[in-house]
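Reader: I would like to see how the labels in this description follow from the numbers. Could you take me through them?

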Amino acid sequence: MRYLLISLLFLFSLGSQAQESHTQKLMTQGKEFLRKENCEDAEKTFKKIFTSKETLPDELCFYYGVALVKLKKYTKARDFLEKYLSLTNSKGEFVKETKGLLAEIDKNVCGICKGNDYFWVDDSCDVCIAKGYTLGNCHACHGKDKVVCPDCRGAKVLVTNNSLGSWYNDCPRCENGLVTCMRCKGSKQEQYNCTKCHGKGTVKIKKVCTHQH
Ligand SMILES: [Zn+2]
Ligand SMILES: [Zn+2]
Ligand SMILES: [Zn+2]
Ligand SMILES: [Zn+2]
């Protein structure tokens, strides 16, 4: 039993070594393409490695980034180079080169969209016409401008109790048990925060960049 377990472990480690060498082989190939300035093939080779389910070396992000910079695919290159920095906690072997490449990307990309091909601008909200609020029915009177009189509670009379008995008087505040709504002051409406722009009056819209400074 013990022997079987050991052989299984051995087989398993052989298997993972074989897999590792497959990634390693492609890495070597990719780096060779890079050295020969054949960036298209380098890109393809590194891309192939990313589809693997094996544990991948951090430096793959760096080398892939190098190929992408040379192919002027700056946005994607930046993603991978930044990934390399974060994976290695900025302590990797190629940190200096990576930072140099990132600076080069910044110099080459469009200043407006930073190479993202789109940028965000403020646009006035079309729901509230840039006011930040919309008008709706007053929630106290439900858009009817009158509410039940708070003094007589709609009874139209006030009852006074004293030693001589109960006295009924007309409510001095209302005539028919209703008074003008205090919340909307009779306007029937109240302002609600616009749900689209959340009261700001503007919304961010994405614009495709034409890269013209
Ligand atoms: Zn009243
Ligand atoms: Zn009201
Ligand atoms: Zn709005
Ligand atoms: Zn641009």
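Author: Gladly! One definition to begin with: helices (H or I, at least four residues) and strands (E, at least two) are DSSP runs, numbered from the N terminus. With that in hand, Lys156 is placed in the loop between S3 and S4. Please keep in mind that this is a predicted model.

Reader: What makes Lys156 partly exposed?

Author: Lys156 has 15 other C-beta atoms within 10 Å. A residue is buried at 20 or more and exposed at 12 or fewer, with partly exposed in between. The count for Lys156 falls in between, so Lys156 is called partly exposed. Its backbone deserves a look too: phi of Lys156 is near 70°, a positive value in a residue other than glycine.

Reader: Which residue in the loop between strand S7 (189-193) and strand S8 (202-208) can I compare with that?

Author: Try His198, which is placed in that loop. Phi of His198 is near 55°, again positive in a residue that is not glycine.

Reader: Why is His198 called exposed?

Author: Within 10 Å of His198 there are 11 other C-beta atoms. The limit for exposed is 12 or fewer, so His198 meets it.

Reader: Where does Asp151 lie, and what does it contact?

Author: Asp151 lies in the loop between strand S3 (146-148) and strand S4 (157-162). Leaving out neighbours within four places in sequence, Asp151 is in contact with Leu158, Cys171 and Arg173. The C-alpha atoms of Asp151 and Leu178 are 9.9 Å apart, with their positions 27 residues apart along the chain. As for exposure, 14 other C-beta atoms lie within 10 Å of Asp151, so it is partly exposed.

Reader: How do you know whether Ala42 is buried or exposed?

Author: By the count once more: Ala42 has 25 C-beta neighbours inside 10 Å. Buried requires 20 or more, so Ala42 qualifies as buried. Ala42 is found in helix H2 (residues 39-50). Beyond residues up to four places away in sequence, Ala42 touches Gly30, Phe33, Leu34 and Ala67. Ala42 and Tyr64 are 22 residues apart in sequence, and 7.7 Å apart from C-alpha to C-alpha.

Reader: Now the helices. Why is H3 called roughly parallel to H5?

Author: Helix H3 (residues 59-70) and helix H5 (residues 95-108) pack at an angle of about 30°, with their axes 11 Å apart. Angles under 35 degrees count as roughly parallel, so that label applies to H3 and H5. H3 passes H5 in a left-handed crossing.

Reader: Which residues of H3 and H5 meet there?

Author: On the H3 side they are Phe62, Gly65, Val66 and Val69, and on the H5 side Thr98, Leu101, Glu104 and Ile105. By class, five of the residues in this contact are nonpolar, two polar and one charged.

Reader: And what makes H4 roughly antiparallel to H5?

Author: The axes of helix H4 (residues 74-87) and H5 cross at roughly 150° and come within 10 Å. An angle over 145 counts as roughly antiparallel, so H4 and H5 earn that name. Their crossing is left-handed. H4 contributes Tyr74, Ala77, Arg78, Leu81, Tyr84 and Leu85 to the contact, while H5 contributes Val95, Thr98, Leu101, Leu102, Ile105 and Asn108. This contact has nine nonpolar, two polar and one charged residues.

Reader: How do you know which parts of the chain are domains?

Author: That comes from the domain assignment, which gives domain 1 (20-119) and domain 2 (133-205). Their C-alpha centres lie 66 Å apart.

How values were computed:
Residues numbered from 1 in each chain as written. Chains lettered and ligands numbered in written order. Predicted model: local features only at pLDDT ≥ 70, side-chain atom pairs only at ≥ 80, totals over all residues. Axes fitted to C-alpha atoms, helices over the stretch in contact; angles between N-to-C directions. Parallel < 35°, antiparallel > 145°, perpendicular 65-115°, else oblique. Left-handed = near helix turned anticlockwise from the far one by under 90°. Contact = placed C-beta atoms within 7 Å. Nonpolar A, V, L, I, M, F, W, Y, C, P; charged D, E, K, R; others polar. Domains from an automatic or database assignment.
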